[in-house]
Amino acid sequence: MRTECLICREPLNGTTYLCGRDIGIAKGNLAFIAATAVDLEVTVQRLDRRGDRGPAHHAGGGDAVPLPYNAGAAEVRTEIHAAMVGLATWVANTRRDNGGHVLLARVAVKAGPDAEAAAAARYLAANLRWIAGHPNAGDVYTAITATARKLAHTCGHRPAMTDLGLCGTPGCDGQLRAPVGAREVRCRGCGAPWSVAAIRDMLLDWAADRLFTAAELAPILSRVHRRRIPKGTIGSWATRGHLEQRGRLPNGTALYRLADARDVAATMYPEKELAA
Ligand SMILES: [Zn+2]
Ligand SMILES: [Zn+2]
């Protein structure tokens with residue numbers, strides 16, 4: 001066993017490769033990854049602008065619609081997924097922890113890659129003491145730190161920014177981004193001022209007939225109603241017959257129409273919906 005921390009060189013008692021402070025830092029980074037991996041889905045899809053599910057709203061855009069997809073964030077999502085699931089799989093293999101394998105396999109099938117990355121991060125956090133006692137602890141620590149940095153950078157956290165998609169001025173391809181909570185945003189391309197609430201309404205209207213999974217609807221409805229609406233809640237609306245299932249993904253995940261889900265949410269939380 002080492003006599004000093006692999007990260008900060010602090011003297012250790014010889015039963016671990018990482019000091020308590022660095023274990024705490026890794027734990028914080030894993031908690032951040034678990035909580036933020038799902039935001040990444042929203043960043044990748046810019047809330048609801050998907051080229052493959054309907055036309056863009058952009059006035060005068062015609063066929064020359066810019067890609068409604070954040071390719072950089074999609075790439076980072078793939079990297080983060082690979083890093084978290086790779087590390088978690090390594091821990092489960094090395095520990096011969098079949099429970100870990102089952103957890104990862106189940107989450108992947110049920111909820112998709114972002115939920116799987118988040119579950120892997122939580123699994124790693126639960127096994128941090130064991131990781132700290134393994135000779136590879138330094139490499140795992142470094143990989144966790146790099147993943148958290150990449151995620152924070154991509155999701156634009158601190159200050160949190162909302163991606164509002166393209167400017168609505170004909171011919172302008174400026175991207176509108178506003179700090180969370182801002183009422184107005186000015187296009188950097190053409191200088192036009194936009195009301196954040198109006199743009200959000202426009203995005204929601206534009207996506208009204210599109211189909212989403214419960215996991216995709218959860219952050220959208222949570223924003224509209226300013227409260228946490230978990231995907232399980234949305235699934236329970238369907239189970240109880242309030243929300244009609246409109247389709248399925250190839251893997252069997254149910255799809256719902258955004259407008260239907262908004263109607264149900266408005267009934268469930270009448271006082272919470274934003275005025276605009
Ligand atoms: Zn240390
Ligand atoms: Zn503009």
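## The nonpolar cores

In this predicted model, the largest nonpolar core holds 37 residues, and the members that touch the most others are M84, A88, A120, A121 and L124. At least two residues of this core come from each of α1 (20-45), α2 (71-95), α4 (113-126), α5 (128-132) and α6 (137-154), and the largest share, ten residues, is supplied by α2. In soluble globular proteins, nonpolar side chains tend to be buried together.

Which residues does M84 touch, once those up to four places away in sequence are left out? The contacts of M84 under that condition are I33, A117, A120, A121 and T147. A second core of 18 residues, separate from the one described above, includes A207, A214, A261 and A265.

## The three-stranded sheet

Three strands make up an open sheet in the order β5-β7-β6, and their pairing is antiparallel. Because β5 (211-212) and β6 (247-248) each have a single partner strand, they stand at the edges of the sheet, and one side of each is left without a neighbour there. Strands of a sheet pair through backbone hydrogen bonds, and they may do so either parallel or antiparallel.

On one side of this arrangement, β5 and β7 are joined in the antiparallel sense by two bridges, and L211 is found opposite R257 in β7. Two bridges also link β6 to β7 (residues 254-257), again with antiparallel strands, and the bridge partner of R248 is A254 in β7. The strands β6 and β7 form a hairpin in which five residues lie between them, and G252, located in the turn, has a positive phi of about 100°.

Helix α10 (residues 258-268) lies across β5 and β7, and the angle at which α10 runs to β7 is about 75°.

## A buried glycine in a loop

G168 belongs to the loop that lies between β1 (161-166) and β2 (175-179). Is G168 buried or exposed? G168 counts as buried, because 21 C-beta neighbours lie inside 10 Å, where the cut-off for a buried residue is 20 or more. Between the C-alpha atoms of G168 and C187, which are 19 residues apart along the chain, the separation is 9.3 Å.

## Arginines with positive phi

Most residues other than glycine have a negative phi, and against that background two arginines can be described in turn. R9 is not a glycine, yet it has a positive phi of about 70°; R9 is placed in the segment before α1. With 11 other C-beta atoms within 10 Å, R9 is exposed, since the cut-off for an exposed residue is 12 or fewer.

What is the sign of phi at R226, which is not a glycine? The phi of R226 is positive, at about 50°. This residue, R226, lies in the loop between α8 (214-225) and α9 (231-239), and R226 is exposed because 11 other C-beta atoms lie within 10 Å.

Technical notes:
Residues numbered from 1 in each chain as written. Chains lettered and ligands numbered in written order. Predicted model: local features only at pLDDT ≥ 70, side-chain atom pairs only at ≥ 80, totals over all residues. Core = buried A, V, L, I, M, F, W, Y, C linked by C-beta atoms within 7 Å. Helix = DSSP H or I, 4+ residues; strand = E, 2+ residues; numbered from the N terminus. Contact = placed C-beta atoms within 7 Å. Pairing = 2+ DSSP bridges. Axes fitted to C-alpha atoms, helices over the stretch in contact; angles between N-to-C directions.
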